[in-house]
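Trainee: I should like to understand how the terms used for a structure follow from its values. May we go through them together?

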Amino acid sequence: MKEEVAKPENHGYSSSEGEYEFRLAVSEWYKRRFNVDLDPDREVVALIGSKEGLCNIARAFLNEGDRVLLPDPAYPVYANGCTILNGGAPVYFPLREDNDFLPNLEDMDAGGVKMMFVNYPNNPTGAVTSIEKLRELVESAVENKIILCYDNAYSEIVFGDYRAPSVLQIDEASEIAVEFHSCSKTFSMAGSRIGFAVGNEKLIAGLKKVKAQVDSGPPKYIQLAAAKALKMYEEENPPKFVKEACQTYYRRVEILVKE
Ligand SMILES: Cc1ncc(COP(=O)(O)O)c(C=O)c1O
């Protein structure tokens, strides 16, 4: 980032969809990390942190009174910034300990729902999910014509041998899903405000259309630094500094749980 920030050409506007080099790095990362193919022009957009994208996708597609399925408990932005601020009506489904804090489709009142937010690895419960569980969710979203906003902000912040899946590893997800990632978590770049959304072309186009009227892309030097970090993955494996961050978090988990 220091090298890139020193270059005058990196201080002009970036387009609101982000630099091609960043979007290309995202699509190459998806291939290595999840074996998912993405078109950097049509299926990837840079975000000024994933929070911005989560709110703007709702702004793009919600009409007044539209019902939005939300987990309870959840990252509060899904209810406030995404749903209520855009005129939507929250419909909660519980995440229960006796169901490993995973959604239970029977608890979901999917009638007339336009959009839903789901997040694993989960904030605040710490629960993780599997491809099989995600498949059930995707099938239900396809059947009920629900836009699935899958918040994968913590995909790289995991412990032991567990690897978090992408919802886009399920073929049908490309019909109804957008997935969000946050470089705040993966690369500890919280203050730099950089993330990305990928997935269904029409949903990404809607998000880009809103963004084109409300913001411009993150600073170019930040996109280039994040692109470099994404390129540091070897096959599906994170670079050493990401693994070390996870080890530090795990030491803190152990202390917290013990106390
Ligand atoms: C579940 C979840 N999603 C998204 C975000 C937003 O992260 P950012 O906007 O920094 O990418 C956070 C931040 O705490 C979060 O916990």
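The dialogue below takes up the ligand and then the aromatic rings.

Mentor: This is a predicted model, in which local features need pLDDT of at least 70, side-chain atom pairs count only at pLDDT 80 or more, and totals for chains, interfaces and linings use all residues. Residues are numbered from 1 along each chain as its sequence is written, and side-chain values use heavy atoms, with hydrogens and water left out.

Trainee: What makes the pair of aspartate 151 and the ligand a polar contact?

Mentor: A polar side-chain atom of aspartate 151 lies 2.6 Å from a ligand nitrogen atom. A polar contact is a pair of N or O atoms within 3.5 Å, so this pair qualifies.

Trainee: How do you know that lysine 185 makes a polar contact with the ligand?

Mentor: The distance from a polar side-chain atom of lysine 185 to an oxygen atom of the ligand is 2.7 Å, and therefore it is within the limit.

Trainee: Why is the pair of tryptophan 29 and phenylalanine 196 called edge-to-face?

Mentor: Rings of Phe, Tyr and Trp (its six-membered ring) pair if their centres lie within 6.5 Å; planes under 30 degrees apart count as stacked, over 60 as edge-to-face and the rest as tilted. Here the centres are 5.9 Å apart and the planes stand at 85°, so the pair is edge-to-face.

Trainee: What makes tryptophan 29 and tyrosine 30 an edge-to-face pair?

Mentor: Their ring centres are 5.6 Å apart and their planes are at 85°, so the pair is edge-to-face. Ring pairs also join Phe22, Trp29, Tyr30, Phe34, Phe196 and Tyr233 into a cluster.

Terms used
Polar contact = N/O pair within 3.5 Å; in protein donor to acceptor, adjacent residues only side chain to side chain.
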